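User: Hello! I am new to this structure and would like to learn how to read it. Could you walk me through it step by step?

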Amino acid sequence: MLRGKQHSYAGQVVESRKRVDARTPRLRGHRGCCACLSGRHTAAISRDLAGDAMKNHLIDTLVAAALGAAAMYYLDPDMGRGRRSVLRDRAASRARDTSRFVRRKARWTGDRLQGVAVRLRHAASASVPASDRKIHERVRAAIGRVVSTPGAVDVNVAGGNVLLTGHILAAERQRLVDAVASVDGVERVADQLSEYGSAGHVPELQGAREA
């Protein structure tokens, strides 16, 4: 009985070895295929590296040649001094042109910013109603520009409404009313002026420019 078990075990070992031997060529084939692919990949990488090295070498050669040519051109013992002088003059001219361009741009930018600031200040002041005192000052200034005897005109301002009294020449009356009505902040103009065709003997109108 023991001898029979030994024969059975020996048979199983032999059968296992046969199966292993049957698979071995296929595994060897796979290893060979992988080795082949690895070799091809390595060769491709080598070719790429060699190409890059050749390109870099060519670029270095061209740069060196250009630098050498420039050095020979500007360092020539006979004509190099004149060429360097021309190069300096061109560089200085371009620097001056650049400086002028920068200054013009700076002035233009400064003018634009100043204009924007003025508009902003004007908008801010326009949004706030002017006081009667401020309107009075503006009206007096306007009267001085259009009337020959501004001292003969009295001005009263209340809530933006302007009352004009005093003495005025007929030729200047409408011009005065129009000028006051155009003043910023004036809402309405009430004309109660005493009109005269000429200065005559009116003390307030003495020195007036008669038409």
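User: Let me start with a helix. On the other side of α4, which residues are exposed?

Analyst: A good place to begin, and please keep in mind that this is a predicted model. The general idea is this: an α-helix has 3.6 residues a turn, so residues three or four places apart point the same way. Here, the exposed residues on the other side of α4 are A171 and Q174.

User: And which residues of α4 are buried?

Analyst: They are E172, R173, L176, V177, A179 and V180. Looking down the axis of α4, these buried residues fall within an arc of 165°, so they line one face of the helix.

User: What do the buried residues of α4 pack against?

Analyst: Their partners are α3 (132-146), β1, β2 and β3 (188-196).

User: How can I check the length of α4 against what is expected?

Analyst: Take 1.5 Å a residue: the twelve residues of α4 (170-181) should then span 16 Å, and the end C-alpha atoms are 18 Å apart, which agrees. You can do the same for α3: with 15 residues, α3 reaches 21 Å from its first C-alpha to its last, close to the 21 Å expected.

User: Which residues of α3 are buried?

Analyst: In α3 the buried residues are I135, V139, A142, I143 and V146. Seen down the axis of α3, they fall within an arc of 100°, so they line one face of the helix. The face turned away from that buried side carries the exposed residues R133 and R145. As for packing, the buried residues of α3 meet β1, β2 and α4.

User: Now the strands, please. How do β1 and β2 run, and how many bridges join them?

Analyst: For a pair of strands, look at the direction, the bridges and the turn. β1 and β2 run antiparallel, and six bridges join them. They form a hairpin with two residues between them, and G159 in the turn has a positive phi of about 60°. Next to look at is A158, which stands opposite N161 in β2.

User: Which residues make up the covered face of β1, and which the uncovered one?

Analyst: In β1 (residues 153-158), V153, V155 and V157 form the covered face, while D154, N156 and A158 form the uncovered one.

User: Could we look at single residues in β2? Is L163 buried, partly exposed or exposed?

Analyst: For a single residue, read the relative accessible area, where buried means under 20% and exposed over 50%. L163 lies in strand β2. With a relative accessible area of 27%, L163 counts as partly exposed because that value lies between the two cut-offs. Leaving out residues up to four places away in sequence, L163 touches D154, V155, N156, A190 and Q192. Distance in sequence and distance in space can also be read side by side: L163 and L193 are 30 residues apart in sequence and 9.2 Å apart in space, C-alpha to C-alpha.

User: With which side chain does the side chain of H167 make a polar contact?

Analyst: With that of Y196, at 3.2 Å. H167 also lies in β2 (residues 161-169). Beyond its neighbours within four places in sequence, the contacts of H167 include A152, V153, L193 and E204.

User: To finish, how many helices and strands does the protein have?

Analyst: There are four helices and three strands, in the order α-α-α-β-β-α-β along the sequence. Of the 211 residues, 16% count as buried.

Note on methods:
Residues numbered from 1 in each chain as written. Predicted model: local features only at pLDDT ≥ 70, side-chain atom pairs only at ≥ 80, totals over all residues. Heavy atoms only, no water. Polar contact = N/O pair within 3.5 Å; in protein donor to acceptor, adjacent residues only side chain to side chain. Contact = heavy atoms within 4.5 Å. Buried < 20%, exposed > 50% of the residue type's maximum accessible area, 1.4 Å probe, protein only. Pairing = 2+ DSSP bridges. Expected span 1.5 Å × (residues − 1). Arc of directions from axis to C-beta.
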